[in-house]
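Colleague: I would like a close look at one part of this model, the aromatic rings. Please start with the whole protein and then work through that part step by step.

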Amino acid sequence: MTLKTQFSAAAFFLLLLAVLFPFAADAHLPLLHGKVVEWIENGQALWLLFGAVFTAVYIRPLSLENGSRQFWLWAVVWWLVLLGRSTSWGRDYFPHEPKLLFRTISVILIAALALPVILSSTLRKEIALKFRTAELPLWIVLIVVITFLISDSVEHHRLIAPLFLHVRQYQDLIEELYEIPFMVGLFLITWDLMKSEKRETALSVAHASR
């Protein structure tokens, strides 16, 4: 795996947001009885849906060769799993439907994510190949990991939570805010990988046509 150490404008913007988020409580940002958190959650759901659709449309996994095809279909499923988890598998929008429905959705999505890895040696080899050869933006990766850990710490009251949660009533807001750079960074990493995949495919086609 190669890490690109260039500090991009996107990394600077996401890092700046991460630094400023804890001061939302100090600035007494209005919570509007939970409406602000609800708006953020809806925006996150739309972003994750966009990630799934964009990945499918941009990379067109069904047009790729064996290995790459399985990997990028699996990547689309990852976005759908994150979307499902973000919306409690749909319960947030349809709270009066039977719990069995949402449990079924969760089982189907998680199975669609896990079973291909277990059953497909082709997918496992492609994942291993991506780990060995991919070029990842170091700063974006760090921001994704750190903001995920902060969000998780705030949600579960872990040791470092007080560094970022200055007022208890802002817990949900701070947790959701830190998920924003996590999700945006995840998309930027995926987009980087997709652009590399397209370049490699174009080079292969060019070599084959000679």
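**Aromatic rings and the helices that carry them**

Modeller: Of the 210 residues in the protein, 38% are buried. The model is a predicted one, and everything below describes that prediction. Its secondary structure comes to nine helices and two strands. Read from the N terminus, the order of elements is β-α-α-α-α-α-α-β-α-α-α. Along the principal axes, the C-alpha atoms fill a box of roughly 65 × 45 × 30 Å. Among contacts between residues at least 6 apart in sequence, 77% join residues that are at least 24 apart.

Now to the rings. Two rings are taken as a pair if their centres lie within 6.5 Å. By this rule there are 16 aromatic pairs. Take W47 and F50: their ring centres are 5.3 Å apart and their planes stand at 40°, so this pair is tilted. The reasoning is that an angle under 30 degrees would count as stacked and one over 60 as edge-to-face, with the rest called tilted. Both residues belong to helix α3 (residues 35-59), and because they are three residues apart there, about one helical turn separates them. How buried or exposed is W47? Its relative accessibility is 27%, so W47 counts as partly exposed. F50, at 36% relative accessibility, also counts as partly exposed.

A second pair is made by F54 and W191. The ring centres of F54 and W191 are 6.4 Å apart with the planes at 90°, so the pair is edge-to-face. Here the two residues come from distant parts of the chain: F54 is in helix α3 and W191 in helix α9 (residues 171-208), with their positions 137 residues apart. F54 has a relative accessibility of 21% and therefore counts as partly exposed. W191 is partly exposed as well, with a relative accessible area of 31%.

The residues of these two pairs belong to one cluster. Ring pairs link W47, F50, F54, Y58, W79, F187 and W191. One member, Y58, also has a charge over its ring: the charged end of K198 sits 4.5 Å from the ring centre. There is a similar arrangement at F71, where K130 lies over the face of the ring, 4.8 Å from its centre.

It helps to see how helix α3 is placed, since W47, for one, lies in it. The axes of α3 and helix α4 (residues 68-86) come within 9 Å and cross at roughly 170°. Angles over 145 degrees count as roughly antiparallel, and α3 and α4 are therefore roughly antiparallel to each other. On the α3 side the contact is made by Q44, A45, L48, L49, G51, A52, T55, A56 and I59, and on the α4 side by W72, V76, W79, L80, L82, L83 and S86. By class, these residues are 12 nonpolar and four polar, with no charged ones. W79 appears in this contact and in the ring cluster.

Another helix pair gives a different angle to look at. Helix α5 (residues 99-119) and helix α6 (residues 121-133) pack at about 95°, with their axes 5 Å apart. That makes α5 roughly perpendicular to α6. The contact involves P116, V117, I118 and L119 of α5, together with S121, L123, R124 and I127 of α6. These residues divide into six nonpolar, one polar and one charged.

Finally, a few residues outside the ring cluster. L32 lies in the loop between α2 (23-26) and α3. Its phi is near 50°, which is a positive value in a residue other than glycine. At 42% relative accessibility, L32 counts as partly exposed. H157 also has a positive phi, of about 55°, although it is not a glycine. H157 is found in the loop between α7 (138-156) and α8 (161-164), and with a relative accessible area of 45% it is partly exposed. P162 sits in helix α8 and is exposed, with a relative accessible area of 56%. Its C-alpha atom is 39 Å from that of W72, which is 90 residues away along the chain.

Conventions. Residues numbered from 1 in each chain as written. Predicted model: local features only at pLDDT ≥ 70, side-chain atom pairs only at ≥ 80, totals over all residues. Heavy atoms only, no water. Axes fitted to C-alpha atoms, helices over the stretch in contact; angles between N-to-C directions. Helix = DSSP H or I, 4+ residues; strand = E, 2+ residues; numbered from the N terminus. Parallel < 35°, antiparallel > 145°, perpendicular 65-115°, else oblique. Contact = heavy atoms within 4.5 Å. Nonpolar A, V, L, I, M, F, W, Y, C, P; charged D, E, K, R; others polar. Phe/Tyr/Trp six-rings, centres within 6.5 Å; stacked < 30°, edge-to-face > 60°. Buried < 20%, exposed > 50% of the residue type's maximum accessible area, 1.4 Å probe, protein only. Lys NZ or Arg CZ within 6 Å of the ring centre and 35° of its normal.
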